Amino acid sequence: MTKTKTLPGEKKPALAREEFERHQSPVWVHRYRGEHRLARPGTFVHSYAVIFLVTRGMSRVRHSGDLVLRAGDVHIIPPGDAHGSAHFEDMEGWGLSFHPEAFPHEDPSWGSHTGLRLGPLLRVRSGCHPVLRPNAAQRQRLEGWMRLLEQELSGNERSRDEAVSALLRLVLIELERMSGPEATPDPAGQGIARQALTYIEANALEPLSLAQVARAVGRSATHVASVVRKETDRTVGQWILEYRMAEARRRLRGTDEQVDIIAERVGYADVTHFIRLFRRAHGLTPAAWRRQATHLSEQHPHADQHSE
């Protein structure tokens, strides 16, 4: 099928979740409209963060216990946190998801417990309750920014990516301002996995090994490897690779740096090894992925499948 170029200001079909998960965009927002849905069986883990705002009805989900979300609740799921599928009862609201490359790794908030914009995610990682309840003014602002994100992602205005990034930061800053319930006890195994992922996020672009991660969380390498694999269904090495590839995608999409420079910046002195790893993860070489990302940014996204 022949694709047509979208002119500036012209509205595009909504970005489908499948395209977000293929890293065609670092941010995805979806509006839920009076939905009823039974929870799917099983436990799910993903490499991106999710912020879920309920505006009407109710949702039930398993995440650090059984949660019941009502109008006004904000549910935060950090990357790597195991959770169940949501059960919707006449539910309306917004789902906002973003990959690690939504922020530059050199951003001082990345992986920092004192960082402002990622603070809400890190507090959940540290054992705080994953549900926040904004006041009326905060909820109004959050809903407004979700709508603006939807508009930006379905449009083709100049500096769209910068606008999306700015709106995402506003959402996270607003969540940072909220006071959540006190930290709740965290099962030991899950606590170790969360600590390990936070350390990996902050140090992924440096030389990093399982042994270093284990030392950072004060456990043996064997124990950390076992817990991370059990809790997240990925190995420590796979998480290190995930965050390195995220920064590589950000640089390929947003800069004109040469591939060998990007390889070095994300932790690989051997550019051939980096290209091999990138192609294994994405099915394309870095140069081909960059060409595709540039091309897709000027086209209508495929919207024939939408997330529920």
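Reader: How many aromatic pairs are there here, and how do I read one?

Author: Happy to walk you through it. Rings count as a pair if their centres lie within 6.5 Å, and planes over 60 degrees apart make the pair edge-to-face. By that rule, this predicted model has nine aromatic pairs. One of them joins Tyr32 and Phe52: the centres are 5.4 Å apart and the planes meet at 75 degrees, an edge-to-face arrangement.

Reader: Where in the chain do Tyr32 and Phe52 lie?

Author: In distant parts of it. Tyr32 belongs to strand S1 (residues 27–37) and Phe52 to strand S2 (residues 49–62), with their positions 20 residues apart.

Reader: Are Tyr32 and Phe52 buried or exposed?

Author: Buried means under 20% relative accessible area. Tyr32 is buried because its value is 8%, and Phe52 is buried at 10%.

Reader: What class of pair do Phe274 and Phe278 form?

Author: Their planes stand at 55 degrees with ring centres 6.0 Å apart, so the pair is tilted. As background, an α-helix has 3.6 residues a turn, so residues three or four places apart point the same way. Phe274 and Phe278 sit four residues apart in helix H10 (residues 271–282), about one turn of the helix. Phe274 is buried, with 0% relative accessible area, and Phe278 is buried with 0% as well.

Reader: Which residues form an aromatic cluster with Phe274 and Phe278?

Author: Tyr268 and Trp289 complete that cluster. Tyr268 also has a charged partner: Arg244 lies over the face of its ring, 5.0 Å from the ring centre. Elsewhere, the charged end of Arg234 sits over the ring of Trp239, at 4.9 Å from its centre.

Reader: Let's turn to a helix. What span does H3 have, and what span is expected?

Author: A helix is expected to rise 1.5 Å a residue. H3 (residues 136–153) has 18 residues and reaches 26 Å from its first C-alpha to its last, close to the expected 26 Å. At its start, a side-chain oxygen of Asn135 comes within 3.1 Å of the backbone nitrogen of Ala137.

Reader: Which residues of H3 are buried, and why are they said to share a side?

Author: The buried ones are Gln138, Leu142, Glu143, Trp145, Met146, Leu149 and Leu153. They cover an arc of only 165 degrees around the axis, which puts them on the same side of H3. The face turned away from that side carries the exposed residues Ala136 and Gln140.

Reader: What do the buried residues of H3 pack against?

Author: Their partners are S1, S2, strand S4 (74–77), strand S5 (87–98) and helix H4 (160–177). S1 and S2 are also the strands that hold Tyr32 and Phe52.

Notes
Residues numbered from 1 in each chain as written. Predicted model: local features only at pLDDT ≥ 70, side-chain atom pairs only at ≥ 80, totals over all residues. Heavy atoms only, no water. Phe/Tyr/Trp six-rings, centres within 6.5 Å; stacked < 30°, edge-to-face > 60°. Helix = DSSP H or I, 4+ residues; strand = E, 2+ residues; numbered from the N terminus. Buried < 20%, exposed > 50% of the residue type's maximum accessible area, 1.4 Å probe, protein only. Lys NZ or Arg CZ within 6 Å of the ring centre and 35° of its normal. Expected span 1.5 Å × (residues − 1). Arc of directions from axis to C-beta. Contact = heavy atoms within 4.5 Å. Polar contact = N/O pair within 3.5 Å; in protein donor to acceptor, adjacent residues only side chain to side chain.
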